[in-house]
Amino acid sequence: MKRYGTLGTVGWQVLICAVVLSVWQWGYDLRTKLPWLVPDLLDPYFISKPSMIFDNFLIQSCLTSKLGAFNSWFNGDFGKCLARNENNLWAATAITLKNTFFGFVTGVVSGFVAGLILGRSDRLSAIFQPFITAVNSIPRIALAPIIVLAFGIGDMSKIVTSWIVVVFLVFFNTFEGARSIDEGFTNAARLLGASEWQITRTVVIPSTMAWVFASLTPAISFALIGVIVGEFIGAERGIGRLIIESEARGEASGMMVAVVVLMLVGVVLSAIIWRLQAYLLRWQRQRSAE
Amino acid sequence: MSALETSATVSPRASADRRVEVKGLSKSFQLAKTTIEAVRDVTFDVRRGEFVALLGPSGSGKSTVLNMIASLIRPTGGEILIDGKRVAAGKATPNVGYVFQRDTLFPWRTVGDNIGYGLELSGVPAHERKERIAECVAQAGLKGFENAYPSALSGGMRQRAALMRTLIVEPQILLMDEPFGALDTHTKIDMHEVLLRIWEREQQTVLFVTHDLGEALTLADRIILFSARPGRIKDMFEVDFARPRDAVKVRETPHYAELFQHIWHSLGEEFVKGRSA
């Protein structure tokens, strides 16, 4: 296989970004000259444009006033701006991140434990199998309105929505991982005198880890989706709430700012998972290098 | 002819001397709707410190017998006594070490941590563990690889590490299921040397499953020959080469050739039967 230099790859990536952003920014202006070339969708009313999104970002984050003047940290303008809006971009991001974190962690832990227990017990997995299949067939997001109804418009309903989409994903991966453990490993451990608990700790968990990690990157996006959907349905704060508010005002730039922030949050969280995986599964990396 | 043909009945040795007693052992598997008889009425004893090879073609039930002794599978009939105590299936027997055909080193542990696994299980403190791992690593010629993962090692090195993982807990009975079957001839003979030196020093009781007659002759005090399926004991041969043995030189003696010829014929019949079965 031909190997591409890093510089070439980065060059292409920069070029693609430049083309997309340019079309987004200036594409609609071509409509006056070439109306047949430019679709309606490029109308900034629907999708805004990069420069407007950037300006809107500065306003929503209280870095500038609505007139475009810089809000100074020192004369207190920045602080006053933040105080005026309880759901400013910073607070919204923080609250969405917090709920995503709790939904993700509880989902991963409970999905992992349940997957391990059922994966190691033929009896339990036989008993629960039809229920799991049934519940798994429900599109989890369809439960979000019920969850908001039950848990209110506070943080708890977002965490629960997030949990419910994450838990099954992690559960099924852990379950499969625990089922497919090489019997040679468990036999070897048993013959060296390992107790059932020691086998679980030293053989089952490490060999299931690769499966669990395979589910964590999608799980983090799922957790974020769960929180945003919960916020769409009913919330006082959060990025989902920001999107709903901007939509009500017909403000595409406001929605786009929220979307870009979500994208960045997603990228950062995935990068963290990826780092953790590279460290914990370093024994796998060596194999692939062989 | 020095090959002593003993029948499969109980030997007249003193009972205290018997480490492993296998009595009327049989095993049948249910495969789809047919019953496969893997082992039929196998009876033999192993003396303390004796090196016994279970030799036979594949499908002769020798590995099944070993796995029953290791308590990995439950016999259909008969019983196994180790030091006079009945082996219970599914429960590890203390003092028994097992080396698999395929090294079952844990890929997520470094070589050193793999070797020290047994000590970790029994709660040996870290500093003492470290010392004993270092000894074993040196003995297995794996110096410098303690912190490597098994995937970085060659087949022979991996099997040496697996052997050390078993030996570090100092088992008095060693069960080995074609442990060197996957290695090339040269590496295999190196491993014979390693094993012979360890056995001469530690004097474990060894049960060694193989289909390689040369290997059985090099290592064992006694060869138990298994017939093609269903596995029964066909014959037993005493292998009386002087100890300590040299894994290479022992093969050059006329007596080796003589024994080889004698057993080869008997073994060959079973290979033919095994193929047609």
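This passage describes a helix of chain A, the contact of chain A with chain B, and a pair of packed helices in chain B, all taken from a predicted model.

In chain A, helix α8 comprises residues 155-179. Its 25 residues should span 36 Å at 1.5 Å a residue, and the C-alpha atoms at its ends are 36 Å apart, so the expected and modelled spans agree. Of these 25 residues, 21 are buried, and α8(A) is therefore largely enclosed by the rest of the structure.

The contact of the two chains involves 16 residues from chain A and 18 residues from chain B. On the side of chain A that touches chain B, at least two residues are supplied by each of α9 (183-191), α10 (196-233) and α13 (282-289). Helix α9(A) provides the largest share of this side, with six residues. Classified by type, the side of chain A that touches chain B consists of seven nonpolar, six polar and three charged residues.

Within chain B, helix α5 (residues 155-167) packs against helix α6 (residues 185-202) at an angle of about 20°, and the axes of the two helices are 10 Å apart. Because angles under 35 degrees count as roughly parallel, α5(B) and α6(B) are roughly parallel to each other. The crossing of α5(B) with α6(B) is right-handed. Helix α5(B) contributes B:G156, B:Q159, B:R160 and B:L167 to the contact, whereas α6(B) contributes B:T187, B:D190, B:M191, B:V194 and B:I198. Four of the residues in this contact of α5(B) with α6(B) are nonpolar, three are polar and two are charged.

Methods:
Residues numbered from 1 in each chain as written. Chains lettered and ligands numbered in written order. Predicted model: local features only at pLDDT ≥ 70, side-chain atom pairs only at ≥ 80, totals over all residues. Axes fitted to C-alpha atoms, helices over the stretch in contact; angles between N-to-C directions. Helix = DSSP H or I, 4+ residues; strand = E, 2+ residues; numbered from the N terminus. Parallel < 35°, antiparallel > 145°, perpendicular 65-115°, else oblique. Left-handed = near helix turned anticlockwise from the far one by under 90°. Contact = placed C-beta atoms within 7 Å. Nonpolar A, V, L, I, M, F, W, Y, C, P; charged D, E, K, R; others polar. Expected span 1.5 Å × (residues − 1). Buried ≥ 20, exposed ≤ 12 C-beta atoms within 10 Å, placed from the backbone.
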